[in-house]
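Have your viewer ready and the selection panel open. We will go from a whole chain down to single residues and back out again.

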Number of protein chains: 2
Amino acid sequence: MRTDKQRALLDGALRVFARDGYSRASIDVLAAEAGVSSRTIYNHYGDKAGLFRAVILDSSDRVAERQIAVADKLLGRIANLEADLVEFGLQWAKRDPETEPHWALVRQIQADFDHIAPETVAAWKERGPTRVRQALAGHLRRLAAEGHFELEDPSLAAVHLVQLTAGSAAAAEPGEDWETVIRSGVGVFLRAYAPGATSRS
Amino acid sequence: MRTDKQRALLDGALRVFARDGYSRASIDVLAAEAGVSSRTIYNHYGDKAGLFRAVILDSSDRVAERQIAVADKLLGRIANLEADLVEFGLQWAKRDPETEPHWALVRQIQADFDHIAPETVAAWKERGPTRVRQALAGHLRRLAAEGHFELEDPSLAAVHLVQLTAGSAAAAEPGEDWETVIRSGVGVFLRAYAPGATSRS
DNA sequence: TAGTTTTTGCAACGATCGTTGTACTTCGGC
DNA sequence: GCCGAAGTACAACGATCGTTGCAAAAACTA
């Protein structure tokens, strides 16, 4: 019972914070979304900021694990390098209804930076972006050792891969086709990091 | 006199909206920041949303012009391709105290998407990101015609260049050196788009 | 200087919000 | 069925906020 309420509260609060932002999200709405008394929030998390912190950490953990699972699945064994990278890019850029509130919450964090406890921001970065980046870097390092790539800094290459695929898709105009964008980004990545490319330019 | 007040109001409101976000920014603070009566805001812009809209459009115009000027200066005539691109990336990623509030405001827009009039969002995109992207694409198209690059889609290449430089710098860890990140990103761009690269991979 | 426009100061409104205290109810474990 | 813990309902608080009306003051124009 306690676990159910906790989950419903964290999930509901994620939706509300993601949609309305921290200051617009009222305690009453947060409580109602989870079917919980507003008093229960204070009993559990002390205040609004405490709930926000708990939501960030919970959601970051869950989404990071999900992303790492996608990376493990698509980059763990390479059949066709280009096709696998395109599939990775598509999965990475995909707007999943399950994880979309998380990314909206991330945008709220990036916007409200100065009004969030630095310790909360640091914990989010560590559990989320940094952890995922390291996982991607590990895959690229291994793939390089296997001869698929030629790269000096796997961590930086991980950033490049994400920026060229999901990052570019996010920056796309409304009319642009995501698959075209991602195929193009993967092409750039391959031309830059394919064996033999580094020695040229 | 009227112009002075208008400018002070737009500049001050930009700072406050950028720092606190739309809902946290109170009319009284907005008025005080510009040294203006709160009543004057209503006389000029009707309501808070009207002021927000005016601030977005004004700031977008100013920053877009500034960015396009940077692009014209650094990409207009190429002396050393790699060095010029690195300088472009550094300028693009640079956090200028003059334009920093604008980018904070952009983050607010991206986070508050659902609570801003769609017409306002559309006007911002058109005057800001889209306009700048087209300017960059124009430069890349010309540089390709001059033989510096080999690219099919200049607009997409513009996104790649920005994502590999400023985008990657923004995603960097606190300890990372921006110049290293940007040099690396420019290297990727050059290896992918240098003449003869497209036919390989 | 006279008249018009713009700006300001002030009070007030209804509404919303975070938070707390308290008494009551619900529920899991024994 | 009993007990302690967890959850709820309710009222209340001080505070803040967007917005408006109005009269006085200031700035600008002719």
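Helices here are DSSP runs of H or I with at least four residues, strands are runs of E with at least two, and both are numbered from the N terminus. Keep in mind as you click around that this is a predicted model.

**Stop 1: chain A as a whole**

Select chain A and switch to a cartoon. How many helices and strands are there in chain A? You should find nine helices and zero strands, so read by the DSSP rule above, the elements run α-α-α-α-α-α-α-α-α from the N terminus on. Now show the C-alpha trace alone: along its principal axes, chain A spans about 65 × 35 × 35 Å. Colour by burial next, and 37% of the 201 residues in chain A come out as buried. If you like contact maps, take the contacts in chain A between residues at least 6 apart in sequence; 62% of these join residues at least 24 apart.

**Stop 2: F52(A)**

Zoom in on helix 4 of chain A, residues 48-75, and pick F52(A) within that helix. Is F52(A) buried or exposed? F52(A) counts as buried, because it has 24 C-beta neighbours inside 10 Å. Leave aside the neighbours within four places in sequence, and the contacts of F52(A) are F17(A) and Y22(A). For a sense of scale, draw a C-alpha to C-alpha distance from F52(A) to G167(A): the two are 115 residues apart in sequence and 26 Å apart in space.

**Stop 3: where the chains meet**

Bring chain B back into view. The contact takes 33 residues from chain A and 33 residues from chain B. On the side of chain A that touches chain B, the elements giving two or more residues are helix 6 (100-112), helix 8 (154-170) and helix 9 (178-193). Which of them gives the most? Select helix 9 of chain A, which contributes eight residues. Colouring this side of chain A by residue class gives 11 nonpolar, 13 polar and nine charged residues.

**Stop 4: V159(B)**

Move to helix 8 of chain B, residues 154-170, where V159(B) lies. V159(B) counts as buried because 27 C-beta neighbours fall inside 10 Å. Not counting residues up to four places away in sequence, V159(B) touches S168(A) and A171(A) as well as R133(B). Then label Q134(B): V159(B) and Q134(B) are 25 residues apart in sequence, and their C-alpha atoms are 9.9 Å apart.

**Stop 5: the largest nonpolar core**

In soluble globular proteins, nonpolar side chains tend to be buried together. Here, the largest nonpolar core has 58 residues, and those with the most contacts inside it are F189(A) and F189(B). Centre on F189(A) and show what it touches beyond four places in sequence: L85(A), H160(A), L161(A) and L164(A).

**Stop 6: a helix pair in chain B**

Finish with helix 4 (residues 48-75) and helix 5 (residues 81-93) of chain B, which pack at an angle of about 165° with their axes 10 Å apart. That angle makes helix 4 of chain B roughly antiparallel to helix 5 of chain B. Show sticks for V70(B), L74(B) and L75(B) of helix 4, then for D84(B), E87(B), F88(B) and Q91(B) of helix 5, and you have the residues that make the contact. By class, this contact has four nonpolar, one polar and two charged residues. Rotate the pair once more to look at the crossing of helix 4 and helix 5 of chain B, which is right-handed.

How values were computed
Residues numbered from 1 in each chain as written. Chains lettered and ligands numbered in written order. Predicted model: local features only at pLDDT ≥ 70, side-chain atom pairs only at ≥ 80, totals over all residues. Axes fitted to C-alpha atoms, helices over the stretch in contact; angles between N-to-C directions. Parallel < 35°, antiparallel > 145°, perpendicular 65-115°, else oblique. Left-handed = near helix turned anticlockwise from the far one by under 90°. Contact = placed C-beta atoms within 7 Å. Nonpolar A, V, L, I, M, F, W, Y, C, P; charged D, E, K, R; others polar. Core = buried A, V, L, I, M, F, W, Y, C linked by C-beta atoms within 7 Å. Buried ≥ 20, exposed ≤ 12 C-beta atoms within 10 Å, placed from the backbone.
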